[in-house]
Amino acid sequence: MLHLRLIVPAASTDEVVALLDSTVGTAHLVVLPDAARSPAGDVVLCDVAREAGDELIGALRGLGIDRSGAISVEHPDLTLSSRADRAEREAPGDGADAVLWEELKETTHEDSTFSITYVSFLSLATMLAACGVMLDNAVLIVGAMALGPEFGPLAGVSTALVQRAPRLVARSLWALIAGFALAMIITAGFAWLMDALGLFRESMIEAERPITGFIWQPDWMSFVVAFLAGTAGTLSLTSAKSGALIGVAISVTTVPAAANAAVAFSYRDYQQTVGSGQQLLANLGGIVLAGTLTLLLQKALWRVRRTQKPPASTPGASVDGTSVRR
């Protein structure tokens with residue numbers, strides 16, 4: 001279940017309450033007259049099944065509540081209520097398959113911000129990967145993969161393409177391109193410093209490196225792995241199962257490839273630089289393609305699934321021929 005907290009102008013409260021009361025999948029409707037002060041208005045609370053949430057939020061935005069008041073969505077950890085159970089049964093589709101597009105756009109928008117924090121995490125991950133590359137150490141490589149924040153902008157590109165949001169596309173691409181460029185420059189400087197301190201040597205980058213040599217030798221399997229990881233990562237975002245993102249992060253060779261390219265460039269090994277760059281592009285492209293196709297498929301399947309039951313925001317809708325009343 002989702003918990004909605006709305007600030008509604010008094011003149012619109014009856015219309016909003018009628019919408020909530022007639023939406024299949026809602027429960028626990030509460031109206032607090034004149035409870036809001038900034039902006040002034042009534043506070044309306046309700047719970048709604050996740051599978052009915054996207055259309056309901058869209059309908060509320062259609063009424064202008066996001067402009068004249070506020071729409072807040074929370075995810076309760078636990079809801080014990082027979083009415084909530086009934087609402088979830090009545091709502092069309094399955095909550096695990098539902099995509100909250102507004103939430104997805106907001107999440108990817110935040111994760112695609114080119115900020116000091118984002119660049120810091122990406123730079124630290126790339127420098128850690130550089131240590132793993134030079135030492136041929138799989139543990140450091142895995143740690144760097146898990147630390148990298150690049151999946152946010154990649155998911156932002158996919159979401160923006162599906163939702164036709166050009167500003168989010170530009171924002172996400174800027175975070176990716178500028179973020180990786182800056183992180184690689186910092187990592188190249190880090191490599192020069194480590195060489196000056198005698199901790200990095202050219203022989204280390206030129207060694208066979210049986211564990212990490214694949215980083216600068218891309219093949220079709222690199223793209224396949226990135227595609228599968230991108231699919232899994234997108235599903236984890238849309239289903240709110242963020243734990244799966246850790247598995248995605250340690251499956252793709254984005255940060256290690258950027259690190260290897262930076263270190264190889266600092267030692268003028270342009271063959272490895274080019275190979276690592278190709279590996280990086282293959283992984284980024286595979287993730288974006290997989291994410292976009294996954295979202296398009298989810299959107300299409302959800303439309304088909306919803307036709308099996310009444311629309312979630314249709315007043316007086318019925319389930320199995322029985323009128324739904326609360």
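Is Glu-90 buried or exposed? At 14% relative accessibility, Glu-90 counts as buried, where buried means under 20% relative accessible area, exposed means over 50%, and partly exposed is in between (1.4 Å probe, protein chains only). This is a predicted model, in which local features need pLDDT of at least 70 and side-chain atom pairs count only at pLDDT 80 or more, while totals for chains, interfaces and linings use all residues. Residues are numbered from 1 along each chain as its sequence is written, and side-chain values use heavy atoms, with hydrogens and water left out.

**Helix H4**

- Helix H4 covers residues 82-90, and its buried residues are Ala-84, Ala-87 and Glu-90; helices here are DSSP runs (H or I, at least four residues), numbered from the N terminus, and strands are E runs of at least two.
- These buried residues cover an arc of only 125° around the axis, which puts them on the same side of H4; the arc is that of the directions from the helix axis to the C-beta atoms.
- Ser-82 and Arg-89 are exposed residues on the face of H4 turned away from its buried side.
- The N-terminal end of H4 is capped by Ser-81, which has a side-chain oxygen 3.2 Å from the backbone nitrogen of Arg-83. A polar contact is a pair of N or O atoms within 3.5 Å; within protein, one must be able to donate a hydrogen and the other to accept it, and residues adjacent in sequence count only if both atoms are side-chain atoms.

**Salt bridges**

- Side chains of opposite charge can pair when their charged atoms come close.
- The model has six salt bridges, each being a side-chain nitrogen of Lys or Arg within 4 Å of a carboxyl oxygen of Asp or Glu.
- Within H4, Arg-86 and Glu-90 form a salt bridge at 3.7 Å, N to O. Arg-86 and Glu-90 are four residues apart in the helix, so about one helical turn separates them.
- Unlike the buried Glu-90, Arg-86 is partly exposed at 30% relative accessibility.
- Another salt bridge joins the side chains of Glu-102 and Arg-61 (2.8 Å, N to O). Because Glu-102 lies in helix H5 and Arg-61 in helix H2 (residues 50-62), this pair ties together parts that are 41 residues apart in sequence.
- Glu-102 is partly exposed at 29% relative accessibility, and Arg-61 is partly exposed at 34%.
- Glu-102 also forms a salt bridge with Lys-105, with the closest N and O atoms 4.0 Å apart. These two residues are three apart in helix H5, so they are separated by about one helical turn.
- Salt bridges that share partners join Arg-61, Asp-66, Arg-67, Glu-102 and Lys-105 into one network.

**Cysteines**

- A disulfide is a covalent bond between the sulfur atoms of two cysteines.
- The count of disulfides is zero, using the rule of a pair of cysteine sulfur atoms within 2.5 Å.
- Cys-46 counts as buried at 2% relative accessibility, and Cys-131 counts as buried at 18%.

**The loop after helix H5**

- Phe-114 lies in the loop between helix H5 (101-111) and helix H6 (116-135).
- With 32% relative accessibility, Phe-114 counts as partly exposed.
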